[in-house]
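Thanks for coming. I will go through one structure today, part by part, and you can follow along on the screen.

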Amino acid sequence: MTSVPPEYFLALAGLMFTIGVVGALTRRNAIVIFMFIELMLNAVNLVFVTFSRMQGTVDGQVVVFFVLVVAAAEVVVGLAIIVSIFRRRRSANVDDVNLLKW
Amino acid sequence: MNIEVVVFGVSFVVALGSSIAMLFAKNAVHVALFLVAAQVALALTFLLQGAYFIAAVQIIVYAGAIMVLFLFVVMLLGVDRSEALIEPLTGQRPMAVGLGALLAAEIVYVATKGSEFVIVGGGEGALSALNEDPGNVKALARTLFSSYLLPFEFTSILLVVAIVGVMVLARRIGDAGFLRD
Amino acid sequence: MTSAYAPFIVGVPLASAILLLFFGKRLGKLSGIIGSVAVGVAFVMGAIEFLSIVDADHEATFSSYHLFDWLAVGGFHVGLDLLVDRLSIVLVLVITGVGFLIHVYSIGYMDGDERYGRFFAYLNLFVAAMLLLVLGDNLLVMFIGWEGVGLCSYLLIGFWFEDRANATAAKKAFIVNRVGDFSFLLGIFLLAVSAGTLTFAGVNGSAASGVLGGTTASIAALLLFGGATGKSAQIPLYVWLPDAMVGPTPVSALIHAATMVTAGVYMVARLFPLFEAAGFDVLLLVAWVGAATAVVAAVIAAAEYDIKKVLAYSTISQLGYMFLALGVGAYSLAIFHLVTHAFFKALMFLGSGSVMHALDGETDMRKMSGLRKVMPITGVTFMMGWLAICGIIPFSGFFSKDAILASAWADGQYALWAMGAATAALTAFYMSRLYLRVFEGETVLPAKLEATHVHDAPPSMAAALIPLAILSVVGGALNLPGVLSFENFLGPVLGEPEVAHGITAWALGIAATILAGAGIAVAWSLYLRPGGLQLRDRLERMLGPAVRAARGKLYVDRAYETLILQPGRDLATFSADVLDRKIIDGAVNGTGRLIAGSSEILRRVQTGYVRNYAAVFLAGVVVLFSVLIIRVAA
């Protein structure tokens, strides 16, 4: 097992999560936004793996396993939504989908 | 210098670097490729912390299957052209960056002062012992199919629902007669 | 002793009322007979009860009937109990007896009315309520009857509600009564709290034993008397009674002369120990209110031209007499006058109804004269009533009125006696004016009517007029020393009144007769003697302002209009226009406008851009995270 302290891994996860957030907020292409969300999920996975190591149990890794499943389902559904929006509007730009307003 | 520290340093730099590169890449395909790089670097950190099975799954499922799906959709929609970097929403970019910086500071603060919060450590030896006997995959399987059996079964329902949902969403309007009959 | 008939005395008219209310239209002509028979049956049962009380030993002078427990709150019990004693049985006989005759009269009088059945339903309901009022063993049961008769009065005054004036008069009667009823109800509450019971025996007992006394008893007595002034049309609440004359005449005779308006007199007599126990001399106030009402109403009556209104003011005046009697402690004499008044005033109302029936509803005495020749039965029976109310020996009014004046004198209240005597003279004057103008002299009919059309009372109406005329003549014998003694009969309930004896009694009687004779003589010289018209003109010039004031009903209605009604209307307008429309509606609409206005601004937050929403979401996360960190670090 590594001698690198877990705090470093947690900090790395935090930074990557934040980058994911900023990207999701600033980019306009729906698929790209999706990829940043995947980045955030990955950062969270790192946190779980680190916690698993700190706790000395595999429960954290089990949670990562579930995150993977959920992420897979989410990607499939999300991409299907994007495809159907694109079919209708010829665009994957989220700013074009702004009918839900005053 | 310890080899592990070197591995951590490399994965740290690659993960953060490719994440930041994602922010500035104009082409969606480039973004996807940087994401793959970041995910591979993350798999390294998993390995460093004794999560061998998860590290393998990370590369096979994430960097492999899921990212291929992404690329497939990007190609399918023909939006691999670059995206204008001008922000139409006023204040969106400064707000995102400002809030992101605050969030990062907070997370790093909590991570480094972990002991002051609810994060409890001290079980590091135990995980190494588990990885020796019965081994990482066996230990994971025992936990998954005993304590987490019910959630595991629920994920199967989730996947079925996702499949059905995607079929409904992705059909062309007008040619899904099988749904109407 | 349990009274076997008491619940049926109330129940039979009530059952008949319900029957007629639902099937009156289908029963048609039969409903008049059913209604009359129901009251007649009640009268017979009342008579049986009366005889059993007269026969009974001296101790058992009452019987009661317990129907059911109505309220039981802790130690406070109210039962639906009926009490038959010497006082209530007299009232029962008057109500059912006179009521029966008036029902019979109505069969002829209301013939051809489109709501014939309903009229008898209301009349029966009234009789039932009035009987409940007098038979109730406690104040709450009395109050049911009290409100019931008020309701029937309202319904019957406004019986011909198609005419707006009738509906207005009905409302006026109801609302003015309401003022009195409110006072009565407060009195009941006060007694329930202070005496702990509402039965007459209980209240009177605790008043007599001193448990209930001083200020509490005074306030309770004043509140109850306030109720009596409303129902019995005394100052200051008498204004509704003259307006109530727009109702059918049998109603005026039964409700607004013979029975309902005497409810206040009955109530005060029933509770006389409470009034006597009052620290403040409430009884003296009762006497003065009665005397003042008697004089004021007599003055207005002397200037009135409408036959029924003259009789209405006369009723108010006579009720004033009864309260005068109550005030000087002559309770049984008040009841005695109540009885004789019921006979002769009902008679005269029915007589005036007969005149109206013959003359197509005409009530203005200036348009008629000498009617006795064309309507002999009505004329002669009305003459009996006239002589009775004037107090001519040996008609009934002489005995009851003379006895009240004598007891006022014996009580040492000479001022009250003087007012009573003045009223007696005024009464003789205005009643003679009415009788002489309408029934004596040259026969003159309203221009539009032909002589052949005018007819005397039909049989059913005559059948009521004649017995009442006989009673008016001989009713005084009820209290004729040596023949019967009404006072002694009521003695066990109401005590013996103080009366003048010996030479004083004779002197007072002669004085009253002289005053009555003088009143009649003045009326004769003014209205019947040749040259009376010139004399009238001269007198009117001499007494100008007084006559005008009397014609204007002493401006009481106008004073109420400016002092109470107009401020009330102003307050209502203010509430509607300023309070409701500006302030309350303003607050409501302002709230709406505030919400709408601020939403107009706030809805801009909903941009529709999902990334905006996500940014706000992130801000929330950061804030929550900060709170968490600060709380843990602190």
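The buried residues of helix H11(C) are Ala263(C), Gly264(C), Val265(C), Tyr266(C), Met267(C), Val268(C), Ala269(C) and Arg270(C). The helix spans residues 263–270 of chain C, so that is eight buried out of eight, and H11(C) is mostly covered. Note that the list of buried residues in H11(C) includes Arg270(C). Before I go on, keep in mind that this is a predicted model.

Now chain C as a whole. Chain C has 634 residues, and 52% of them count as buried. Its secondary structure comes to 25 helices and two strands. Take the contacts in chain C between residues at least 6 apart in sequence: 80% of these join residues at least 24 apart.

One example of a residue with a distant partner is Ile255(C), in helix H10, residues 249–258 of chain C. Is Ile255(C) buried or exposed? Ile255(C) has 27 other C-beta atoms within 10 Å, and the cut-off for buried is 20 or more, so Ile255(C) is buried. What does Ile255(C) touch, leaving out residues up to four places away in sequence? The answer is Phe126(C), Ser153(C), Leu156(C) and Met260(C). Of these, Phe126(C) is 129 residues away from Ile255(C) in sequence, while the two C-alpha atoms are 8.2 Å apart.

Next, two helix pairs in chain C. The first pair is H17(C), residues 396–410, and H18(C), residues 414–439; they pack at an angle of about 160 degrees, and their axes are 8 Å apart. Because of that angle, H17(C) is roughly antiparallel to H18(C). The crossing of H17(C) and H18(C) is left-handed. From H17(C), the residues in this contact are Lys401(C), Ile404(C), Leu405(C), Ala408(C) and Trp409(C). They meet residues of H18(C), among them Tyr414(C), Trp417(C) and Ala424(C). By class, the contact of H17(C) with H18(C) has nine nonpolar residues, one polar and one charged.

The second pair is H15(C), residues 331–358, and H19(C), residues 459–474. Their axes cross at roughly 145 degrees and come within 9 Å. The crossing of H15(C) and H19(C) is left-handed. On the H15(C) side, the contact includes Phe343(C), Phe344(C), Leu347(C) and Ser354(C). On the H19(C) side, it includes Met461(C), Leu465(C), Leu468(C) and Ser472(C). The contact of H15(C) with H19(C) has eleven nonpolar residues, three polar and no charged ones.

On to the strands of chain C. E1(C), residues 62–73, and E2(C), residues 76–85, run antiparallel and are joined by ten bridges. Which residue of E2(C) is the bridge partner of Tyr65(C)? That is Leu82(C). The two strands form a hairpin with two residues between them, and Gly74(C) in the turn has a positive phi of about 60 degrees.

Positive phi also turns up at residues other than glycine. Ala233(C) has a positive phi of about 55 degrees, and Ala233(C) sits in the loop between H8 and H9 of chain C. Ala233(C) is buried, with 31 other C-beta atoms within 10 Å. Asp360(C) has a positive phi of about 60 degrees and lies in the loop between H15 and H16 of chain C. Asp360(C) has 11 other C-beta atoms within 10 Å, and the limit for exposed is 12 or fewer, so Asp360(C) is exposed.

The loop between H8 and H9 of chain C also holds Pro236(C). The peptide bond from Ile235(C) to Pro236(C) is cis, with omega near 5 degrees. A cis peptide bond also joins Asp133(B) and Pro134(B), where omega is about 15 degrees. Pro134(B) is in helix H5 of chain B, residues 124–146.

Last, chain A and the chain contacts. Chain A has three helices and zero strands. Of its 102 residues, 56% are buried. In its contact with chain B, 63 residues of chain A meet 71 residues of chain B. On the chain A side, the largest share, 21 residues, comes from H3(A). That side has 42 nonpolar, 15 polar and six charged residues.

The contact between chain C and chain B takes twelve residues from each chain. The chain C side of it has nine nonpolar residues, two polar and one charged. That is where I will stop.

Notes
Residues numbered from 1 in each chain as written. Chains lettered and ligands numbered in written order. Predicted model: local features only at pLDDT ≥ 70, side-chain atom pairs only at ≥ 80, totals over all residues. Helix = DSSP H or I, 4+ residues; strand = E, 2+ residues; numbered from the N terminus. Contact = placed C-beta atoms within 7 Å. Nonpolar A, V, L, I, M, F, W, Y, C, P; charged D, E, K, R; others polar. Axes fitted to C-alpha atoms, helices over the stretch in contact; angles between N-to-C directions. Parallel < 35°, antiparallel > 145°, perpendicular 65-115°, else oblique. Left-handed = near helix turned anticlockwise from the far one by under 90°. Pairing = 2+ DSSP bridges.
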